[in-house]
Amino acid sequence: MGQSAEFGKFLKVMRARLSPEDAGAPQSNGSRRVPGLRREEVARLSGVSTDYYTRLEQGRNIHPSKAVLDSVARALRLDAGEHAHMLDLLEHCASSAGNPGPAQKVRPALRQLLDAVGDVPSMVLGRRADVLAGNRMAHLLFTDFTALPAAERNLTRWIILDPAAKDLFRDWKTVAAEAVGALRMDVGRHPNDPQTNQLVGELAVHSEHFRQWWAGHRVATRSAGIVRLHHPVVGDLELNFETLGLPDDPDQHLRVYSAKVGSPSSDALTLLSSFGEVSAATIPAPEPARRDDS
């Protein structure tokens with residue numbers, strides 16, 4: 001395992017968020033100059049020396065055992081996603097070369113599947129939540145990512161920076177914060193990725209919310225749930241979403257949105273589909289190219 005500076009930063013933020021009472025640390029005398037637990041308290045709860053834990057937070061090149069890492073995770077009350085992120089940060093050393101990975105491609109059969117599911121909004125998400133493909137209903141429900149410049153076809157970027165997304169998601173802050181948390185997980189698995197660094201920099205420049213969430217080192221791993229929307233055409237919808245991993249493409253996921261059968265949201269999706277068909281039908285067909293007989 002390698003050691004990364006991000007690993008130490010993550011430990012420090014997790015320590016700062018935890019009160020002694022929440023961690024079950026013994027009460028100490030005197031006021032606290034910083035929020036959260038002290039290093040010596042985390043060390044004591046983890047069963048390691050203060051010097052050893054300090055070196056972990058400082059990003060020293062040491063190699064803790066799995067038992068030590070599990071003890072630190074328990075002391076900091078990390079959930080499963082945070083624990084996995086901590087291990088990613090340690091394993092994928094941030095000093096590794098920042099070479100761009102291979103271009104992400106969607107298998108033709110997967111594109112066929114998107115079209116086959118018809119009126120069920122579906123998309124394929126890649127690294128950084130890049131939108132690699134989507135069907136007609138996904139474009140009608142959210143936005144036509146294919147119409148955006150290639151560098152802007154990213155779900156997280158759209159959610160945070162596009163005013164239309166803030167109007168669409170009735171729980172925008174929750175959705176946006178979770179998107180940032182998922183981006184954190186991606187950074188842990190692929191440190192120093194140039195495209196990710198560019199995306200993080202752009203979001204940090206343009207969004208105060210992003211800067212706050214990013215500084216908090218929050219991670220998110222929710223792969224299913226409910227999303228509440230207020231669509232400009234069909235009004236309010238409440239949809240279930242499922243994010244399915246693709247075994248042959250570990251960095252790609254299939255995101256599917258569905259409504260309960262017979263619900264108002266199901267009716268709204270049907271109306272949206274019909275609206276999309278009518279809109280497409282009103283676009284005049286291009287005139288045949290004129291022959292130049294001269």
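Here are three short exercises on this predicted model, each with a worked solution.

Residues are numbered from 1 along each chain as its sequence is written. Local features need pLDDT of at least 70, side-chain atom pairs count only at pLDDT 80 or more, and totals for chains, interfaces and linings use all residues, while side-chain values use heavy atoms, with hydrogens and water left out.

**Exercise 1.** Take stock of the fold: how many helices and strands does the protein have?

*Solution.* Start with the DSSP runs, where helices are H or I with at least four residues and strands are E with at least two, numbered from the N terminus. The protein has 14 helices and five strands. Next, turn to burial, meaning under 20% relative accessible area (1.4 Å probe, protein chains only). Of the 294 residues, 44% are buried.

**Exercise 2.** Follow the strands from β3 onward: in which sense do β3 and β4 pair?

*Solution.* Strands pair if DSSP finds at least two bridges between them. First, β3 (residues 224-231) and β4 (residues 235-246) are antiparallel, with eight bridges. Arginine 228 sits opposite glutamate 238 in β4, and a three-residue hairpin connects β3 to β4. Then β4 pairs with β5 (residues 249-258), again antiparallel, over seven bridges. Here glutamate 242 has valine 256 of β5 as its bridge partner, and the hairpin from β4 to β5 has two residues.

**Exercise 3.** Now place leucine 239: which residues does it contact, leaving aside neighbours within four places in sequence?

*Solution.* Look for heavy atoms within 4.5 Å, the cut-off for contact. The partners of leucine 239 include Leu141, Ile226, Val227, Leu229, Tyr257 and Leu269. Nicely done!

Key
Buried means under 20% relative accessible area, exposed over 50%, partly exposed in between (1.4 Å probe, protein chains only).
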